[in-house]
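Dear colleague,

I am passing on the structure we spoke about, together with some notes on what was found in it. Please have it open while you read.

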Amino acid sequence: GANESWNKVDEYFIGKLKLSDPILDHVLRTNRESGIPEIDVSPSQGKFLYLIAKMKGVRNILEIGTLGGYSSIWFARALPESGKVYTLEVNPEFAKIANQNIQYAGYEHKVEVIVGDALDSLPKLKERGVAPFDLIFIDADKTNNPYYLKWAMSMSKSGTLIIADNVVRDGEVTNEISSDERIHGIRQFMDLLANENRIECTSIQTVGSKGYDGFLMGLVK
Ligand code: SAM
């Protein structure tokens, strides 16, 4: 879990940098009241994703792992009016709340929530011809990260940015003999990246209200 000063600093930044507003507060409140786990990106991470998308002038985004739509809304804000987020969610209850939140935020024209196992939805999405994407955010079940990376690469072009969340997990990523399947998924994902010469990557460790974790970011050559 997060330690007290990480929480305090996140709160300080939220206040100073206006990392929240009535819409985002409403979304997080709705999620809490609906019993959705509080595993969305933090406000500072949401704003970071938004800024990255804006800096790149991103027009279409693939997100694997919608939850209540919190990160989808940050992405939608970064897109031009004609931009689109395709976001994949296996849990129909979460997807329903996400759609409500997206509608509340006024982005139903920009965000399409696709319900189902991402490994079923990805081939269908590819068939629809909406790829390649400018940005791909991998944030679902970590055990499937190796497969998500393969799909992400196949729906990329030169300049596509791939970001994967939660690649540190309290430092467990270095534990070769972890009993946590998610750690093995992340480690296999890292191994694939190590042998993938079509992408340039870095990984940044983070602390904050969501604990000690980190993300991976790669730019397709
Ligand atoms: N990106 C969200 C945010 O920051 O607001 C958080 C996503 S949460 C960490 C991960 C989500 O992935 C959960 O809602 C979970 O139900 C979903 N998920 C898990 N396995 C999945 C799968 N096989 N296909 C699609 N979604 C999946």
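How many residues surround the ligand, and which are the closest? In this model, which is a predicted one, 19 residues surround the ligand, and the closest of them are Asp40, Gly65, Ser71, Ala118 and Asp141. Two or more residues of this shell come from each of the elements α4 (70–78) and β2 (84–89). Sorted by class, the shell around the ligand holds nine nonpolar residues, five polar ones and five charged ones.

Turning to the sheet, seven strands make up an open sheet with mixed pairing, and their order is β3-β2-β1-β4-β5-β7-β6. At the edges are β3 (111–115) and β6 (199–208), each of which pairs on one side only, and the twist from one strand to the next averages 15 degrees. Within this sheet, β4 and β5 run parallel and are joined by four bridges, and Ile136 stands opposite Ile162 in β5.

The last part concerns helix α7 (residues 145–154), in which Asn145, Tyr148, Leu149, Trp151 and Ala152 are buried. Why do these residues lie on the same side of α7? They do so because the arc they cover around the axis is only 165 degrees. The elements that cover the buried residues of α7 include the strands β1 (60–64), β4 (135–138) and β5 (161–165), and also the helices α6 (118–127) and α8 (181–194).

With best regards

How values were computed:
Residues are numbered from 1 along each chain as its sequence is written. This is a predicted model: local features need pLDDT of at least 70, side-chain atom pairs count only at pLDDT 80 or more; totals for chains, interfaces and linings use all residues. A residue is near a molecule or strand if its C-beta atom, placed from the backbone, lies within 6 Å of it. Ala, Val, Leu, Ile, Met, Phe, Trp, Tyr, Cys and Pro count as nonpolar, Asp, Glu, Lys and Arg as charged, and the others, Gly among them, as polar. A residue is buried if 20 or more other C-beta atoms lie within 10 Å of its own, exposed if 12 or fewer, and partly exposed in between; C-beta atoms are placed from the backbone. The arc is that of the directions from the helix axis to the C-beta atoms. Two residues are in contact if their C-beta atoms, placed from the backbone, lie within 7 Å. Two strands pair if DSSP finds at least two bridges between them. Axes are lines fitted to C-alpha atoms, for helices over the stretch in contact, and angles run from 0 to 180 degrees between N-to-C directions.
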